[in-house]
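This report looks at a few selected places in one protein model. Please keep the sequence and the coordinates at hand while reading.

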Amino acid sequence: MSVKEIPYKIYLEEDEMPKAWYNLRADMKNKPAPLLNPGTLKPMTREELDGVFCDELVKQELDDTTAYFEIPQEIRDFYKMYRPSPLVRAYCLEKKLDTPAKIYYKFEGNNTSGSHKLNSAIAQAYYAKQQGLKGVTTETGAGQWGTALSMACAYLGLDCKVYMVKVSYEQKPFRREVMRTYGASVTPSPSMETEVGRKILAEHPGTTGSLGCAISEAVEVATKSEGYRYVLGSVLNQVLLHQSIIGLETKAALDKYGVKPDIIIGCAGGGSNLGGLIAPFMGEKLRGEADYRIIAVEPASCPSLTRGKFAYDFCDTGMVCPLAKMYTLGSGFIPAPNHAGGLRYHGMSSTLSQLYADGLMEATSVVQTEVFKAAEEFARIEGILPAPESSHAIRVAIDEAMKCKETGEEKTIVFGLTGTGYFDMVAYEKFHDGKMTDYIPTDEELQKSFANLPKVE
């Protein structure tokens, strides 16, 4: 079949949906460094992690040799409500840009949570239910993860406590109300409800919060509440494992029509969407079976890969979580209150950090006014209002397509459209009213944060 005969939307059949998640770490020669106990500086044991996470999720977190994990049937049945998700050929965008590039996007916004986050939320809630727990606690930035987890918990009859980054809690009240509709309690973070929240507020009065702050509060509540465990929407190996369904479906759809991408682009905050999208392609690259150019796109206001240090650091601002070796801006770094709330995390997944350190993928950062220009252009041309996070990938996909126009190269570009922006209208309003600014941290600010990194030999 020729490229011109490829349909606008490529849907896999229900029976073509992956039956197992792919563990990218199994094919990595340089494995991600282990999580460390902050007290002993020794690798975290399964027993230590069991007190924070669900038992089965701890197994997945620590396993870097098993290539595939079978997806339980109950999770597959839930997936069938919105998966396989479509892979869309952006014919209209290609025409508007007048580029020889072929552009595809994997659309993960076709569920009520509005994003890819539901792929891991249902898995983590399922394992909590199987363990007989009462409920789970979590953090959320833009609110997509909190929404997804509240949906999954409602489906399975679990209690859900969400700590939402304060700036997003105030900017995105409707997403907050969706969580409450699904039965979750939602608290702006940092709050006065927890010891760590009170400490952060004392040290940073009036702070707008960060994902690192919210993580600290959620972990504290989980470890002090009987029958509860903490679940996380990004960063961790287990989350990238569940999100691999995005990349597996993308590759299956492309293979179905004999299409091989040259460039794969994803937004990068903690790493869940990017890690999931690139997983099978990076696996081929690691095994020497194929080569791809892979680009991580992050906000210039929170540039962990492009300006961070590859070092051990706390995963949270309150310093109650394990240490992870990752590209980090320092756990005390509080990003500017930009509108891509899901990308306001000080660090990056250990798995993606190791791949970046090994030169297996690239990273770039973009300012938010340029991101919203791309978002608006995409909405007008392709008819989908994208989330601010997703629009980082759109920005760079357009830039790469325009480079193809300059050189005449017919490259195939695939990017992840992680979710919709229908609850992000305050951000769009500020952009349209000319009130949006581009904040980039100074070297001095970053050096001050780096100075507080834990000393690990």
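The paragraphs below take up a strand and its partners, then a pair of helices, and then two single residues.

The model is predicted rather than determined by experiment, and the statements that follow should be read with that in mind.

**Strand E5 and its partners**

Strand E5 spans residues 102-107, and 6 of its 6 residues are buried. Cover is found on both faces of the strand, with Lys102, Tyr104 and Lys106 buried on one side and Ile103, Tyr105 and Phe107 buried on the other. E5 pairs with two strands described here, strand E4 in the antiparallel sense and strand E15 in a parallel run. Within these pairings, Arg89 stands opposite Tyr104 in E5, while Phe107 has Leu417 in E15 as its bridge partner.

| Partner of E5 | Residues of the partner | Sense | Bridges |
|---|---|---|---|
| Strand E4 | residues 87-89 | antiparallel | 3 bridges |
| Strand E15 | residues 412-417 | parallel | 6 bridges |

**Helices H2 and H11**

How do helix H2 and helix H11 cross, and at what angle? The axes of H2, residues 55-62, and H11, residues 237-256, come within 7 Å and cross at roughly 90 degrees. Because of that crossing angle, H2 counts as roughly perpendicular to H11. On the H2 side the contact involves Leu57, Gln60 and Glu61, which meet Asn237, Gln238, Leu241 and His242 in H11. Sorted by class, the residues in this contact are 2 nonpolar, 4 polar and 1 charged.

**Ser120 in helix H5**

Ser120 belongs to helix H5, which covers residues 118-130. Its relative accessibility is 0%, and therefore Ser120 counts as buried. When neighbours within four places in sequence are left aside, the residues in contact with Ser120 are Trp145, Val239, His242 and Gln243. His242, one of these contacts of Ser120, is also among the residues of H11 that meet H2.

**Gly212 in helix H10**

Is Gly212, in helix H10 (residues 211-224), buried or exposed? Gly212 counts as buried, because its relative accessibility is 2%, which falls under the 20% cut-off for that class. Apart from neighbours within four places in sequence, Gly212 is in contact with Asp316, Thr317, Gly318, Tyr345 and His346. With respect to Arg176, the separation from Gly212 is 36 residues in sequence and, C-alpha to C-alpha, 19 Å in space.

Conventions. Residues are numbered from 1 along each chain as its sequence is written. This is a predicted model: local features need pLDDT of at least 70, side-chain atom pairs count only at pLDDT 80 or more; totals for chains, interfaces and linings use all residues. Side-chain values use heavy atoms; hydrogens and water are left out. Axes are lines fitted to C-alpha atoms, for helices over the stretch in contact, and angles run from 0 to 180 degrees between N-to-C directions. Helices (H or I, at least four residues) and strands (E, at least two) are DSSP runs, numbered from the N terminus. Angles under 35 degrees count as roughly parallel, over 145 as roughly antiparallel, 65 to 115 as roughly perpendicular and the rest as oblique. Contact means heavy atoms within 4.5 Å. Ala, Val, Leu, Ile, Met, Phe, Trp, Tyr, Cys and Pro count as nonpolar, Asp, Glu, Lys and Arg as charged, and the others, Gly among them, as polar. Buried means under 20% relative accessible area, exposed over 50%, partly exposed in between (1.4 Å probe, protein chains only). Two strands pair if DSSP finds at least two bridges between them.
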